[in-house]
Amino acid sequence: MTENSFVLTAYCANRPGIVAAVSKVIFEAGGNIADLQQFDDPDSGQFFSRVVFGAADAPLTEGQVRGLLSPIMERFGMTWSLRAQNARRRVLLMASRFDHCLADLLYRWRMGELNMEVAGIVSNYPRETYPNLSFGDIPFHHLPVTKATKAEQEEKLSRLIADEKVDLVVLARYMQILSEEMSSRLSGRCINIHHSFLPGFKGAKPYHQAYERGVKLIGATAHYVTSDLDEGPIIEQDTERVSHRDSAAEFVRKGRDIERRVLARAVRAHLEDRVLLNGMRTIVFPE
């Protein structure tokens, strides 16, 4: 269901009657629920929900639905969002020298797997770094950065995000650490792919570290960016088995494959409103 349908996400302190009240409002508005997922977190006492619904008969407008839902949301003290399911978020992709994640996201976007608009590509390397990638009409922004120019570069990045009305920033192997100020500014709307199964081998050459330690599993982690380096809420992870027969180069090759699919799954979940923050954890509803 995508035509004239909506995605409602909400969370609040858990109490009886929430689902019944929300469902009743949708029904009385002439809506039909296509999918409803919920989670009651016993640790935090919070209730999390994602509801997909559309018009049963006459078309519904977002303003109409928002007006009908507001009193119920206020009654339960909910933090909530409502979005037309076919609305595309504007996404800024950022990369450095390695282009495998960037190439994969562009491919999936062009194939229709990722419902988004690519607002632009940002790199601290020039466009010529990616001779095998076709960017077409996508704006490419070369924003070189050094320790001395980091503040100036991030100010340009902030203006670009604002001017292009960017909803989500994806660090597709962007190998620069965002400042605390920038991380806070992008809280909940910046996804990073970490080339390790966190927590694990941090720092330079994690696959080589893993190889030297003789690990049997390597992996990757997609998480929201926070001011604490590589400590943000985790959205998606995956692993792959390796053995003593694999060289460090094989570790890297297999690692690239894991990074691509983990980042793509995390971005897709965010775009489909299936990720809700729960403190330093996430609630990720399945497809």
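These notes walk through a predicted model, point by point, from its two domains down to single residues.

1. **Two domains.** A good place to start is the overall layout. The domain assignment splits the chain into domain 1, residues 5–84, and domain 2, residues 89–284. If you take the centre of each domain over its C-alpha atoms, the two centres are 31 Å apart.

2. **Where the domains meet.** Next, look at the border between them. On one side, 12 residues of domain 1 are in contact with 10 residues of domain 2. The area buried between the two domains is about 840 Å², and carbon and sulfur atoms give 54% of that area. Three residues are worth finding on the domain 1 side: Phe48, Arg50 and Arg83 supply 56% of the area that domain 1 buries against domain 2, more than any other three residues. It may help to know that the size of an interface is often given as the accessible area lost when the parts come together.

3. **Polar links across the border.** The count of salt bridges between domain 1 and domain 2 is two. You can also look for a salt bridge between the side chains of Asp41 and Arg281, where the N to O distance is 3.2 Å. As for polar contacts, six residue pairs join domain 1 to domain 2 in this way. On the domain 1 side, the elements that give two or more residues to the touching face are strand S1 (5–13), strand S2 (31–41) and strand S3 (46–55). S1 provides the largest share, with four residues. Sorted by class, this side of domain 1 has five nonpolar, three polar and four charged residues.

4. **Ser49, a residue of strand S3.** Stay with domain 1 for a moment and find Ser49 in strand S3. Is Ser49 buried or exposed? Its relative accessibility is 8%, so Ser49 counts as buried, the cut-off for buried being under 20%. The side chain of Ser49 reaches the backbone oxygen of Gln37 at 3.4 Å. Leaving aside residues up to four places away in sequence, Ser49 touches Leu8, Thr9, Ala10, Gln37, Gln38, Leu276 and Phe285.

5. **Helix H3 and its cover.** Now move to helix H3, which spans residues 100–110. Which residues of H3 are buried? They are His100, Cys101, Leu102, Asp104, Leu105 and Leu106. A general point helps when you read such a list: an α-helix has 3.6 residues a turn, so residues three or four places apart point the same way. The cover over the buried residues of H3 includes strands S5 (89–95), S6 (116–123), S8 (168–171) and S9 (190–194), together with helix H7. Just after H3, Gly112 takes a positive phi of about 85°.

6. **Ala269 in helix H7.** Helix H7 runs over residues 248–271 and contains Ala269. With a relative accessibility of 3%, Ala269 counts as buried. Ala269 and Val284 lie 15 residues apart in sequence, and their C-alpha atoms are 7.4 Å apart in space. With residues up to four places away in sequence left out, Ala269 touches Arg274, Val275 and Val284.

7. **Tyr174 in a loop.** Tyr174 sits in the loop between S8 and helix H5 (180–185). At 5% relative accessibility, Tyr174 counts as buried, so being in a loop does not rule out being buried here. Which residues does Tyr174 touch, not counting residues up to four places away in sequence? They are Met94, Ala95, Ser96, Asn124, Val145 and Gln153. With Gln153, the side chain of Tyr174 makes a side-chain polar contact of 3.1 Å. The C-alpha atoms of Tyr174 and Tyr125 are 10 Å apart, with their positions 49 residues apart along the chain.

8. **Two positive phi values.** Most residues other than glycine have a negative phi. Lys165 has a positive phi of about 50° although it is not a glycine, and Asp273 has a positive phi of about 60°, again without being a glycine. Lys165 lies in the loop between helix H4 (150–163) and S8, whereas Asp273 is found in the loop between H7 and strand S12 (275–278). Are these residues buried or exposed? Lys165 is exposed, with a relative accessible area of 62%, while Asp273, at 8% relative accessibility, counts as buried.

Note on methods: Residues numbered from 1 in each chain as written. Predicted model: local features only at pLDDT ≥ 70, side-chain atom pairs only at ≥ 80, totals over all residues. Heavy atoms only, no water. Domains from an automatic or database assignment. Contact = heavy atoms within 4.5 Å. Buried area = accessible area lost by both parts, 1.4 Å probe. Salt bridge = Lys/Arg side-chain N within 4 Å of Asp/Glu carboxyl O. Polar contact = N/O pair within 3.5 Å; in protein donor to acceptor, adjacent residues only side chain to side chain. Nonpolar A, V, L, I, M, F, W, Y, C, P; charged D, E, K, R; others polar. Buried < 20%, exposed > 50% of the residue type's maximum accessible area, 1.4 Å probe, protein only.
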